[in-house]
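Visitor: I've got a structure to look at and a few things to ask. Mind walking me through it?

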Amino acid sequence: MEQKDPYRVEAVDRALALLMLLAERGRLSVTEAGRELDVAPSTAHRLLSTLCHRGFAAQGDKRLYLPGPALLQLRTIEMPALPDRIRPYLQKLFDAVGETVHLMVRIDSEVLFVDGIEGTQSLRVGLRVGARMPACRTSGGKAMLADLEPEEIDALLAGGTAPSPGEKIRDLAALRRELASVRRNHFGCNHDESEPGVTAVGASIGVIDGNHAALVVALPTVRMAAGGLEAVTGELLRVCRQVGRDVAGPPRQ
């Protein structure tokens, strides 16, 4: 017979178990939560609602619960493992395109650059490792936003979109139109939106170890304008497909 720990607080233990499930799976229903905790759905619903109140969970569409901003912020603690797993693919992408490449993750409505390899040409884009930017102004951020349901995007950007140079993305309606194009093409583009003279293309690699991630190629706009878009995006999508086969979890539906 299992002996109970006298110092264990049942409600806290269950809440922590739910946080682990959200981090691992990326989304969770009340029914799944109740089954995993062996509690009634009403109890699971109260626990998830409490996590939402504190920002550790967020309610999405189809009555599913998603990691909230507080939980996503804590994921930065796990970041060392993700760059290690993806570094071989980042190196393959760099070898194929010869331009600066980055691995980024989405944290709420922003992206964090967690790893990168800088190009060696005299005119090149510098590394952005450690930088945070609005997701809607980066190529990889757009690619990851395009993975989400419309209701999730509306919730993330309820305060409006970040100002975009050149007024390319003026509001949420303009972002929705661009994300429709991203879904058709399977990659996002950033032409001088985060920095003048820089163009980037990015593609989502899905959720890995609970982190929504993307690979990005960045290069001077003048070089992309010379006809490099098709070749660069082809290599980017090829490597991202390989990550999907080897590392990433199932795509979001």
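Guide: Sure, starting with a yardstick: the expected span of a helix is 1.5 Å times one less than its number of residues. Keep in mind that this is a predicted model.

Visitor: How far apart are the end C-alpha atoms of helix α8, and what span should its residues give?
Guide: Helix α8 covers residues 172–185, so 14 residues go into the estimate. At 1.5 Å a residue, the expected span is 20 Å. The end C-alpha atoms agree with that, being 20 Å apart.

Visitor: Within what arc do the buried residues of α8 fall, seen down its axis?
Guide: The buried ones in α8 are Ala174, Leu175, Glu178, Leu179 and Val182. Looking down the axis, they line one face of the helix, because they fall within an arc of 135°.

Visitor: Which exposed residues does the face of α8 turned away from its buried side carry?
Guide: Let's go round the helix. The buried residues are covered by elements including α6, α7 and β7. The face turned away from that buried side carries the exposed Arg177 and Arg184.

Visitor: Is arginine 132 buried, exposed or partly exposed?
Guide: Arginine 132 sits in strand β6, and its side chain makes a polar contact with that of glutamate 110 at 2.9 Å. Buried needs under 20% relative accessible area and exposed needs over 50%. Arginine 132 has 36%, so the label is partly exposed.

Visitor: Which residues have the most contacts inside the largest nonpolar core?
Guide: That core has 32 residues. Elements supplying at least two residues each include α5, β4 and α9. The residues with the most contacts inside the core are Ile86, Ile205, Leu215 and Val243.

Note on methods: Residues numbered from 1 in each chain as written. Predicted model: local features only at pLDDT ≥ 70, side-chain atom pairs only at ≥ 80, totals over all residues. Heavy atoms only, no water. Helix = DSSP H or I, 4+ residues; strand = E, 2+ residues; numbered from the N terminus. Buried < 20%, exposed > 50% of the residue type's maximum accessible area, 1.4 Å probe, protein only. Arc of directions from axis to C-beta. Contact = heavy atoms within 4.5 Å. Core = buried A, V, L, I, M, F, W, Y, C linked by side-chain atoms within 4.5 Å. Polar contact = N/O pair within 3.5 Å; in protein donor to acceptor, adjacent residues only side chain to side chain.
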